[in-house]
Structure formats: structure tokens, C-alpha cells
Amino acid sequence: MKRLKDKYIVKHIEYKETLPWLLKKHYAQRIPSISYAYGLFDNEKKGEMVGICTIGKPASPSLCKGICGKEFKNKVYELNRLVLEENLPKNTASFFIGKILRNLKKEDLILVSYADEAMCHRGYIYQATNWFYSGKTKSRTDKYMPGNKHSRHYTDEYKHLRKVRSSKYRYIYFTGKSKKLYLNNLNYKIQDYPKGELKHYKLGTRKKTKIINTKNNEIFYE
């Protein structure tokens, strides 16, 4: 078997190239903020793209300020999507992420990423590529609008409905020469890596949203 570095090429891709993967293969089936996009290409399959990774600005301004303080808030980006074809060789994901992290060294970024507990993820890919583990977010509920509509369309008619946001494992990585500076300003405690059973989801399977009706405590999924 060829070495991974001989078998695969990692390079920048256009925004439009990510869309079929994000909307049809990733479990969230939503388009996140995208500032950087990378593709994994298989030399043995005539350069076929077999994976993508996207990085963009986090949706939460408080997160950007909270990681290393206001001074470095503009340096915070989120690795928000990683999608690979099934049955790729062992360590392909860590090879892909490692190549991306080396490419981003010149950008001097503070990266954050999450592993979703509800999907039985622990973040082993981040552990394999030497990210810092900084704890677990709390499960919480948020506004909900039927039909998977954006919360900005929220009305009081549906205030009794709350969608559940699952707990996630939070990882942080510093890409460039300012690593020591960022580390000295990190507001999260670095913790031991979490362990547990890893389960893979089938590509194209959407993670359903858990909804709670607070009037009668009924639970349903969308």
C-alpha cells in the first residue's frame, strides 16, 4: 500500500465545491461560515476528491472573546466541518488535518473545534493531531421554529417549543508563531483527553433535532 503522502494531495478548494458534501453527506446538512476550504484528492482515482474540511468564523462572538481575550478575538476561527468518504485507509483523517494545520501556520490562527457527544464523537482526530482539550460544553435548549426555519423568524406562538443543543467536547489549536503568546492568554483549563466508544455515522444521515414541548414535556424529533 502506498504511503498516505504519496496516495493523497491536500489543496485549497472553492466554496461551491464544498456544498454537495455539506448538504448531502455531513450529518448537520447546513452550510457554516467558510473562510478556508480544503479538499483531499486521491491520486489513485484520477484525482477524485474523497474528503473536505472547512474553517470559518464561529457564530458566537462571546466565544471569540472568551478563548484568549478581546485582544485576540479576530484570530479565532472554527474548524466546523470535516467529511471523508467511508472506508479510507487508517490515519487518513489525521493525515488530512495535519496537512491543513501545517498550511495554516503562516496565518497564525487560534482554531477551535467541537466533537458532538450526541453523535458518539470524542474528538479522537483532534487528539491524534495534538489539539488542546479544554472541556465539555453543557447541553442546553434554544428557540425553535417548525420547519427547520432560522431562529430569527421566531414568534411567541412557538415559545413553548425548545430545541436541544447537545453537549460537545471542545478542542483548541494554535497554528503559528504566536502559540506561546496565545497559550499564556488561554482562558480555558487544558484537560486530559476524553475517552469512550467511537461510533461512525453513515454518510448522508442527518442528525435529527430533539424538540421539547414545555407545556406537556412531550419530546419529538425533526
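**Exercise 1. An aromatic pair between two strands**

Are Phe 132 and Phe 174 buried or exposed? Place both rings in this predicted model and describe how they pair.

*Solution.* Both residues, Phe 132 and Phe 174, are buried. To go further, recall that a pair of aromatic rings is described by the distance of the centres and the angle of the planes. A ring pair requires centres within 6.5 Å, and by this rule the model has 11 aromatic pairs. One of these is edge-to-face, formed by Phe 72 and Tyr 182, with 5.3 Å from centre to centre and 75° between the planes. Phe 132 and Phe 174 also form an aromatic pair, with 5.9 Å from centre to centre and 50° between the planes, and this pair is tilted. The pair links distant parts of the chain, since Phe 132 belongs to strand E6 (residues 132-136) and Phe 174 to strand E9 (residues 168-174), 42 residues apart.

**Exercise 2. The pair of Phe 72 and Tyr 182**

Determine the burial of Phe 72 and Tyr 182, and then list the residues of the aromatic cluster.

*Solution.* Phe 72 and Tyr 182 are both buried. Turning to the cluster, ring pairs join Tyr 126, Trp 131, Tyr 133, Tyr 169, Tyr 171, Tyr 173 and Tyr 193.

**Exercise 3. Charges over ring faces**

Which rings have Lys 57 and Arg 170 over their faces, and at what distance from the ring centre?

*Solution.* Lys 57 lies over the face of Tyr 77, at 4.4 Å from the ring centre. For Arg 170, the ring is that of Tyr 188, and the distance from the ring centre is 3.8 Å.

**Exercise 4. Salt bridges and where their partners lie**

How many salt bridges does the structure hold? Work through three of them, giving the closest N and O distance and the accessibility of each partner.

*Solution.* The structure holds five salt bridges. As background, side chains of opposite charge can pair when their charged atoms come close.

Step 1. Arg 3 forms a salt bridge with Asp 6, and the closest N and O atoms are 3.2 Å apart. Arg 3 has a relative accessible area of 52% and is therefore exposed, whereas Asp 6, with 34%, is partly exposed.

Step 2. Lys 7 forms a salt bridge with Asp 42, where the closest N and O atoms are 3.1 Å apart. Because Lys 7 lies in helix H1 (residues 4-7) and Asp 42 in strand E2 (residues 36-42), the pair ties together parts that are 35 residues apart in sequence. Lys 7 is buried because its relative accessible area is 9%, and Asp 42, at 2% relative accessibility, likewise counts as buried. Lys 7 and Asp 42 are also linked with Glu 44 in a network of salt bridges.

Step 3. Glu 85 forms a salt bridge with Lys 25, the closest N and O atoms lying 2.7 Å apart. Glu 85 is in the loop between E4 and helix H4 (92-103), and Lys 25 is in the loop between H2 and E2, so this pair ties together parts that are 60 residues apart in sequence. At 26% relative accessibility Glu 85 counts as partly exposed, and Lys 25, at 22%, counts as partly exposed too.

**Exercise 5. Two residues and their contacts**

Where do Gln 127 and Ile 212 lie, and which residues do they touch, leaving aside those up to four places away in sequence?

*Solution.* Gln 127 is placed in helix H5 (residues 124-128), and at 9% relative accessibility this residue counts as buried, because the cut-off for burial is under 20%. Gln 127 touches Arg 122, Tyr 171, Tyr 193, Pro 194 and Lys 195, with residues up to four places away in sequence not counted.

Ile 212 is placed in strand E10 (residues 210-213), and with 23% relative accessibility Ile 212 counts as partly exposed. Apart from its neighbours within four places in sequence, Ile 212 is in contact with Thr 141, His 160, Leu 161, Arg 162, Val 164, Glu 218 and Ile 219. Ile 212 and Ile 13 are 199 residues apart in sequence, and their C-alpha atoms are 39 Å apart in space.

**Exercise 6. A nonpolar surface patch**

Which residues make the nonpolar surface patch of about 270 Å²?

*Solution.* The patch is made by Tyr 15, Leu 23 and Ile 31. Tyr 15 lies in helix H2 (residues 15-24), and its relative accessibility of 45% is why Tyr 15 counts as partly exposed.

How values were computed: Residues are numbered from 1 along each chain as its sequence is written. This is a predicted model: local features need pLDDT of at least 70, side-chain atom pairs count only at pLDDT 80 or more; totals for chains, interfaces and linings use all residues. Side-chain values use heavy atoms; hydrogens and water are left out. Patches are made of residues with over 30% relative accessible area and no salt bridge: like charges are joined within 9 Å, nonpolar side chains (Val, Leu, Ile, Met, Phe, Trp, Tyr) within 5 Å. Accessible areas come from the Shrake-Rupley method with a 1.4 Å probe; for residues, only the protein chains shown count as cover. A salt bridge is a side-chain nitrogen of Lys or Arg within 4 Å of a carboxyl oxygen of Asp or Glu. Helices (H or I, at least four residues) and strands (E, at least two) are DSSP runs, numbered from the N terminus. Buried means under 20% relative accessible area, exposed over 50%, partly exposed in between (1.4 Å probe, protein chains only). Rings of Phe, Tyr and Trp (its six-membered ring) pair if their centres lie within 6.5 Å; planes under 30 degrees apart count as stacked, over 60 as edge-to-face and the rest as tilted. A charge sits over a ring if NZ of Lys or CZ of Arg is within 6 Å of the ring centre and within 35 degrees of the ring normal. Contact means heavy atoms within 4.5 Å.
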